[in-house]
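Student: Got a minute to walk through this fold with me? I'd like to go strand by strand and see what packs where.

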Amino acid sequence: EKQQRSMSDEKSLGASQKMLSPSRSTSNCSSKQESRQDSWEVVEGLRTSMNYAQEMQAQEGYLLKKRKWPLKGWHKRYFFLDKGILKYAKTQADIEKGKLHGCIDVGLSVMSVKKSTKCIDLDTEEHIYHLKVYPKGNRTICQ
């Protein structure tokens, strides 16, 4: 019931209203003082471009996902993005078996990107997902 109410509230908000006040976690990928060029950029128009996203080719690969508890730190996860839905699991085989760790509707999320550290935050209102591009030489979703 709470999720249905949240989703209907979400649909009633305009994309611009949501983009004006994204919630932000206190954790950063970098602890240094940041210049304007090095700051987080909110990606707008995710909801309004859903028709385009549904026509795009599926993307998949490894990203690092931050965990707080019980195994704090960055963990490698396999992500699969198709028609605006981002699914993730430990491996590609797990996704193929339907053994998912999670599923995120990107169109209903606020996405913030920090290009200098290759970090992505997805705020779904219920959770904030912290993602980072997997180190070079490995297959990632962003290649």
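**A strand covered on both sides**

Tutor: Let's start with β7, where both faces are covered: Cys 119, Asp 121 and Asp 123 on one side and Ile 120 and Leu 122 on the other are all buried. Buried here means under 20% relative accessible area, with exposed over 50% and partly exposed in between (1.4 Å probe, protein chains only). Before we go on, this is a predicted model, where local features need pLDDT of at least 70, side-chain atom pairs count only at pLDDT 80 or more, and totals for chains, interfaces and linings use all residues. Residues are numbered from 1 along each chain as its sequence is written, and side-chain values use heavy atoms, leaving out hydrogens and water.

Student: How many helices and strands does the protein chain have, and in what order do they run?

Tutor: Helices (H or I, at least four residues) and strands (E, at least two) are DSSP runs, numbered from the N terminus. On that basis the protein chain has four helices and eight strands. From the N terminus on, the order is α-α-β-α-β-β-β-α-β-β-β-β.

Student: Why is β7 described as largely enclosed by the rest of the structure?

Tutor: Look at the two faces again: Ile 120 and Leu 122 are buried on one, and Cys 119, Asp 121 and Asp 123 on the other. β7 is largely enclosed because the buried residues number five of the five.

Student: In what order do the strands sit in the sheet?

Tutor: Two strands pair if DSSP finds at least two bridges between them. β7 pairs with β6 over five bridges and with β8 over five bridges, antiparallel in each case. The edge strands, each pairing on one side only, are β1 (41–43) and β5 (102–105). The eight strands form an open antiparallel sheet in the order β1-β6-β7-β8-β2-β3-β4-β5.

Student: Which residue in β6 stands opposite Glu 41?

Tutor: β1 and β6 (residues 110–114) pair in the antiparallel sense over three bridges. In that pairing, the residue opposite Glu 41 is Val 113.

Student: Which residue takes the positive phi in the turn between β6 and β7, and which one in the hairpin of β7 and β8?

Tutor: The β6 and β7 hairpin has four residues between the strands, and Lys 118 in the turn has a positive phi of about 55 degrees. The β7 and β8 hairpin also has four residues between its strands, with a positive phi near 80 degrees. The residues you want are Lys 118 and, in the β7 and β8 hairpin, Glu 125.

Student: What does the side chain of Asp 123 reach?

Tutor: Asp 123 is in strand β7, where its bridge partner is Val 110. With a relative accessible area of 4%, Asp 123 is buried. Its side chain reaches, at 2.8 Å, the backbone nitrogen of Glu 125.

Student: Which strands each supply at least two residues of the largest nonpolar core?

Tutor: A nonpolar core is a set of buried Ala, Val, Leu, Ile, Met, Phe, Trp, Tyr and Cys residues joined through side-chain atoms within 4.5 Å. The largest has twelve residues, including Leu 63, Met 111, Ile 120, Leu 122 and Leu 131. The strands that each give at least two are β4 (85–89), β6, β7 (119–123) and β8 (128–133).

Student: Is Leu 86 buried or exposed?

Tutor: Leu 86 is found in strand β4 and is one of the residues of the largest core. Its relative accessibility is 6%, so Leu 86 counts as buried.

Student: How are the rings of Phe 79 and Tyr 88 arranged?

Tutor: Rings of Phe, Tyr and Trp (its six-membered ring) pair if their centres lie within 6.5 Å; planes under 30 degrees apart count as stacked, over 60 as edge-to-face and the rest as tilted. Both Phe 79 and Tyr 88 are buried. Their rings are 5.2 Å centre to centre with 25 degrees between the planes, which makes the pair stacked.

Student: And why does the pair of Tyr 62 and Tyr 134 count as tilted?

Tutor: Tyr 62 is in strand β2 (residues 59–67) and Tyr 134 in the segment after β8, 72 residues apart. Tyr 134 is buried, at 18% relative accessible area. The ring centres of Tyr 62 and Tyr 134 are 6.4 Å apart and the pair is tilted because the planes are at 40 degrees.

Technical notes. Polar contact = N/O pair within 3.5 Å; in protein donor to acceptor, adjacent residues only side chain to side chain.
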